[in-house]
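These are my notebook entries from a session spent looking through one protein model. I recorded each item as I looked it up.

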Amino acid sequence: MIGEFLPEALEFYRCIEERLGVVLWHPMPIMRLAGNDDEWAKMRAKAARADVEVWVDRELAKQEIDGWLGGFEIRGGGRFDVGSFVDRSREFFQARGIYRKDEIRFDRDEMARVWCDGAAGLVSGRHGESRCAKGEILTVRATEWDEARIRVGAGGWLVPLGEGCFKLGSTYEWERLDMEPSEAGLERLRRIATKLGGANFEIIAHEAGVRPILRRSEPLIGPMSEGGWMFNGLGSKGSLYAPGMARRLATWMLDGKGPEEHFDIGAFRKRL
Ligand SMILES: Cc1cc2nc3c(=O)[nH]c(=O)nc-3n(C[C@H](O)[C@H](O)[C@H](O)COP(=O)(O)OP(=O)(O)OC[C@H]3O[C@@H](n4cnc5c(N)ncnc54)[C@H](O)[C@@H]3O)c2cc1C
């Protein structure tokens with residue numbers, strides 16, 4: 001759903017950048033790399049599909065893909081600086097006296113309460129069954145690595161942050177949904193780093209989080225039977241989906257006009 005959600009997300013973030021006076025979106029081409037014949041065949045077939053072709057810039061030349069079997073340069077990619085977005089937004093609201101750190105208690109208008117409680121809400125079981133996945137990432141310093149492009153391959157990704165630093169990830173774990181970085185995760189991330197960047201890097205941070213998943217990485221919204229509204233299931237793609245889904249939820253709450261059935265939590269639950 002990138003074609004549907006990306007333009008709206010970028011326009012939303014552009015407005016926020018203007019409002020907060022900060023750069024949040026750093027556009028960058030993506031190198032999508034294949035490590036074996038099977039993967040390369042699948043990737044070529046997918047790249048030829050009409051809905052995917054529009055995002056493919058070109059096939060990468062042999063000299064650009066040292067150690068890989070093939071690859072494409074993909075357009076539309078970039079890094080969204082979520083940390084700055086959250087920090088600067090908090091400051092913005094604090095300065096106007098409309099930010100509270102603790103859970104907000106509703107004395108009235110319970111129906112307007114929105115449960116945007118992400119992975120914590122899903123893991124608690126408040127919204128029924130879920131399929132959340134823990135993931136771990138590294139921040140590394142590697143002054144010799146290419147900083148011009150995002151690399152995706154070997155089951156991972158590598159994103160330049162500037163000044164010789166990179167983020168890379170990520171692991172998937174469905175059983176132990178804690179927020180603790182693990183030894184097994186570190187081992188897997190080291191392999192991804194070596195494959196996508198190279199052997200020379202220094203680890204700056206190792207973090208873990210839980211992706212809020214209800215149905216693949218697709219969001220679901222809607223009224224809850226016990227009152228209030230749900231906004232969840234952003235999965236691995238919160239930055240892409242959040243603006244478009246928030247607009248859909250606001251339209252539903254304020255004008256009574258629901259979204260496409262696909263995003264309706266009630267319709268989703270009925271199909272289970
Ligand atoms: C390893 C990893 C890699 C990822 N990579 C990407 C990526 O590349 N691109 C991307 O777009 N997304 C990525 N994601 C997914 C992204 O983090 C999620 O989509 C996003 O965080 C979901 O946002 P959310 O606000 O719905 O939920 P959350 O981020 O889980 O936030 C919910 C918040 O609600 C708070 N909360 C919960 N219950 C209560 C309560 N009762 N009262 C008050 N507060 C409460 C929680 O403390 C939390 O701060 C990744 C996630 C992981 C773990």
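**Entry 1. The shell around the ligand**

I began by asking which domains supply at least three residues each to the shell around the ligand. I found two of them: domain 2 (110–130 + 215–271) and domain 3 (133–210). I note here that the model is predicted.

I then listed the residues that come nearest to the ligand. Of the 23 residues around the ligand, these are G118, G135, G209, G238 and S239. Next I looked up the elements that give two or more residues to the shell, and I noted α5 (118–123), β7 (133–141), β11 (202–211) and α7. I recorded α5 as the source of the largest share, 4 residues. I also sorted the shell by class and obtained 8 nonpolar, 11 polar and 4 charged residues.

**Entry 2. Overall layout**

I looked up the domain assignment, which gives domain 1 (2–82), domain 2 (110–130 + 215–271) and domain 3 (133–210). I took the centres of domain 2 and domain 3 over C-alpha atoms and found 30 Å between them.

For the protein as a whole I counted 8 helices and 13 strands. The C-alpha trace spans about 65 × 40 × 40 Å along its principal axes. I asked what radius of gyration the protein has and what a compact globule would have. The protein has 20 Å, which agrees with the value near 19 Å for a compact globule of 272 residues.

**Entry 3. The sheet of three strands**

I followed one open sheet of 3 strands, in the order β6-β13-β12, and noted that its pairing is mixed. Why is one side of β6 and of β12 left without a neighbour in the sheet? I found that β6 (114–115) and β12 (220–223) stand at the edges with a single partner strand each, so one side of each has no neighbour there.

I checked the two pairings in turn. β6 pairs with β13 (residues 229–232) in the parallel sense over 2 bridges, and W115 stands opposite M230 in β13. β12 and β13 run antiparallel and are joined by 4 bridges; here I221 stands opposite F231 in β13. The hairpin of β12 and β13 has 5 residues between the strands, and within this hairpin I noted a positive phi near 100° at G227.

I then looked at what lies across this sheet. Helix α7 (residues 238–255) lies across β12 and β13, and I read its angle to β13 as about 170°. I had already met α7 in Entry 1, among the elements that give two or more residues to the shell around the ligand.

**Entry 4. The sheet of eight strands**

I traced a second open sheet, of 8 strands, in the order β3-β4-β2-β8-β9-β10-β7-β11, again with mixed pairing. Its edges are β3 and β11, each with a single partner strand, so one side of each lacks a neighbour in the sheet. On average, neighbouring strands in this sheet are turned by 20° against each other, direction ignored.

I looked up three of its pairings:

- β2 (residues 30–34) and β4 (residues 70–74) pair in the antiparallel sense over 5 bridges, with I74 in β4 as the bridge partner of I30.
- β3 (residues 56–59) and β4 pair in the antiparallel sense over 3 bridges, and R58 has E73 in β4 as its bridge partner.
- β9 and β10 run antiparallel, joined by 5 bridges, and G162 has C165 in β10 as its bridge partner.

I also noted helix α2 (residues 37–47), which lies across β2, β3 and β4 and runs at about 135° to β2.

**Entry 5. Backbone details in two loops**

I asked which peptide bond is cis, with omega near -15°. I found the bond from G169 to S170. I placed S170 in the loop between β10 (165–169) and α6 (183–196).

I then turned to A154, whose phi is near 55°, a positive value in a residue other than glycine. I located A154 in the loop between β8 (150–153) and β9 (156–162).

Technical notes:
Residues numbered from 1 in each chain as written. Predicted model: local features only at pLDDT ≥ 70, side-chain atom pairs only at ≥ 80, totals over all residues. Pairing = 2+ DSSP bridges. Contact = placed C-beta atoms within 7 Å. Axes fitted to C-alpha atoms, helices over the stretch in contact; angles between N-to-C directions. Near = placed C-beta within 6 Å. Nonpolar A, V, L, I, M, F, W, Y, C, P; charged D, E, K, R; others polar. Domains from an automatic or database assignment. Rg over C-alpha atoms; globule rule 2.2 N^0.38 Å.
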